[in-house]
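Subject: Structure handover

Hello,

Here is the structure we spoke about, with its sequence. My notes follow below it.

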2 protein chains.
Amino acid sequence: MTKKNSHLFELLILGSSSAIPSDDRFPSAQLLNIREQLFLIDCGEATQNRLWSFKVRWSKISHICISHLHGDHVFGLPGLITSFSHLQRKEPLTICGPEGIQDFLEGTLRHSRAHLNFEIHYLELDHRSGTKFYNDGLLSITSFPLNHRVPTIGYVFKVEEHYRKLNIEKISQYAIPVSQYKKVVAGESISDMEGNVYTSDEFSAPVHYLKSYAYCSDTRYDESIIPFIKDVDVLYHETTYLEALAHKAQETGHSTAHQAATMAEKAGVQRLITGHYSSRYHELNVFLQECQSVFPNTILGKEGLLVQI
Amino acid sequence: MTKKNSHLFELLILGSSSAIPSDDRFPSAQLLNIREQLFLIDCGEATQNRLWSFKVRWSKISHICISHLHGDHVFGLPGLITSFSHLQRKEPLTICGPEGIQDFLEGTLRHSRAHLNFEIHYLELDHRSGTKFYNDGLLSITSFPLNHRVPTIGYVFKVEEHYRKLNIEKISQYAIPVSQYKKVVAGESISDMEGNVYTSDEFSAPVHYLKSYAYCSDTRYDESIIPFIKDVDVLYHETTYLEALAHKAQETGHSTAHQAATMAEKAGVQRLITGHYSSRYHELNVFLQECQSVFPNTILGKEGLLVQI
């Protein structure tokens, strides 16, 4: 009756490294499970191996959202797409990303003579402005500009729902058949066995359910993205460097942990997840410490981390 | 003096799966270490992660030999090349493979806007005939045609050396200065402190050192390749299927374990290594058993296997 159990909105980190991976860190990839519909965000090399490792049911991936065309965000795409085909996928797949994503993938697949069993719908998004490009009435996805060396976009996933929650304790004290409960949560008036009429408000209350997740990688610290990520429940913001290398972050189009935490603070988000660590850092807890000095509610992103949004 | 210690010729298996990898099986890649010069053979997705895992000193890779352009043999190449560049490689790299390898790699790198710090020399090889394309006087590499669905080439690596081995036990009984030993193994006559003259043959014997490794993936069973792989010390021959699926092997351009073992037997090789297993097989010992029923000296190829050739 209430929709609480069906509110699955879960994030799995598949890769947390930046350009150079190691034996246990993999380049960018994340998986969102929104009520059993899967959205893959970025697809660095070996993403398909991570999907196997974490026992993900690949076939439920309906969309792949690519931030930009640097290799550590897309080099896993040709292999994943080819494996989809080998595994007899039939359902169409939507791939979103900046201009050039279709050329990249089709070019690579053509050279390797891959024949796909399923259709790919490409959605090339404007990297200069925000675009709400998906809306199924419950979930909306908006792309927005990031500030990197090449055209790069962030994504915000928003699940929003208005519904009525039944007051089961109260209604069960009345002689109202269970078959009437549906009417209550639909906002209709009902009557008991003796003919007394009750409004929906007497046994239920309106709920505004709103959960959101924003993905920001790769980007310089840039406050112009705040309007897009404001108040989200969970923000992933890249933390390639520590603050001691702020000049390097600026030069290469990346952010420091301190900058990501400042962004989280200024945007009023609930929780921050870190990631995209430069391979020069072997120990990652320093990222957590640097963030938490500014924004305590930070989670250290790493392979296998599962976050309920 | 003798060259025995410098005869390093070692094979490391990096990937043993066919098209669909899993969390612990990776697509085709092998590494040959020939006297500290490294040759990478095929480069399936996540090869660079395997190189980290096995603590390989990447920078020593001078050549990458690609068999064909199917994704499970090349999708690790763009990431590896990009990482070489991030790691500040300066030495040129030679990439050999069938026609199209340059287009594939350059196209992929162009889309991802990768800028390399080092030069790549491409060597596109004829997939219809044998070509000895490398010869440094010690090591030669010959490509030869395989029988697959797309242009595919095998490689045979041959280290051949004629030298003289010093009889250290005998020579040390004479009053001959150690400084003369070099002359002996160079084939020259020498004299002792009393002026007696000895020919090189008295203290050394000629040695013909010859070791070879052949790589055959992917291919149907095809006896026309025997002249190229005849008598090699170690043969890698793909075993995608067991004999029960011989029809499937024929149809898809692959071989069964039984066929690979028959090939090893007919070509008179010393040892056979299996690999490129279809993902339908979870337990691999059946491949070893099927091969050994025909060719006992078979080794089960899998990630991390190190073979001295």
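Two residues are taken to be in contact if their C-beta atoms, placed from the backbone, lie within 7 Å. On that basis, and leaving aside residues up to four places away in sequence, Ile176(B) touches Ile171(B), Ile190(B) and Asp192(B). Please keep in mind throughout that this is a predicted model.

To stay with Ile176(B) for a moment: the residue sits in the loop that links helix 5 (168-171) to helix 6 (181-185) of chain B. Is Ile176(B) buried or exposed? Neither label applies, because the residue has 19 C-beta neighbours inside 10 Å and 20 or more would be needed for buried, 12 or fewer for exposed. Ile176(B) therefore counts as partly exposed. Its C-alpha atom is 51 Å from that of Ala29(B), a residue 147 positions away along the chain.

Ala29(B) leads to the strands of chain B. Ala29(B) stands opposite Cys43(B) in strand 3 of chain B. Strand 2 (residues 29-34) of chain B has 5 of its 6 residues buried, so this strand is largely enclosed by the rest of the structure. It has antiparallel pairings with strand 1 (residues 9-15) of chain B, over 6 bridges, and with strand 3 (residues 37-43) of chain B, also over 6 bridges. In the pairing with strand 1, Leu11(B) is opposite Leu32(B). Strands 2 and 3 of chain B form a hairpin with 2 residues between them, and Arg35(B) in that turn has a positive phi of about 50°.

Now the overall make-up of chain A. Chain A has 309 residues, of which 43% count as buried, and its secondary structure comes to 11 helices and 16 strands. Along the principal axes, its C-alpha atoms fill a box of roughly 75 × 50 × 35 Å. Among contacts in chain A with a separation of 6 or more, 63% are between residues 24 or more positions apart.

The domain assignment divides chain A into domain 1 (4-164 + 205-308) and domain 2 (165-204). The centres of the two domains, taken over C-alpha atoms, are 44 Å apart. Where they meet, 4 residues of domain 1 of chain A are in contact with 6 residues of domain 2 of chain A. On the domain 1 side, strand 9 (153-166) and strand 12 (204-216) of chain A each supply at least two residues. By class, that side has 3 nonpolar residues, 1 charged residue and no polar ones.

Last, the two chains together. How many residues of chain B are in contact with chain A? There are 33, and they meet 33 residues of chain A. The elements of chain B that give two or more residues to this side are helix 1 (47-53), helix 2 (71-74), helix 3 (77-86) and helix 4 (101-111). The class counts for the chain B side are 13 nonpolar, 16 polar and 4 charged residues.

A turn of 180° with a shift of 0.0 Å along the axis lays chain B on chain A with an RMSD of 0.0 Å. That is the relation of a two-fold axis. Both copies use the same surface, as 100% of the contact residues of chain B recur in chain A. The residue of chain B that comes closest to the rotation axis is Ala46(B), at 2.7 Å for its C-alpha.

Regards

Notes:
Residues numbered from 1 in each chain as written. Chains lettered and ligands numbered in written order. Predicted model: local features only at pLDDT ≥ 70, side-chain atom pairs only at ≥ 80, totals over all residues. Helix = DSSP H or I, 4+ residues; strand = E, 2+ residues; numbered from the N terminus. Domains from an automatic or database assignment. Nonpolar A, V, L, I, M, F, W, Y, C, P; charged D, E, K, R; others polar. Pairing = 2+ DSSP bridges. Least-squares fit on C-alpha atoms with pLDDT ≥ 70 in both.
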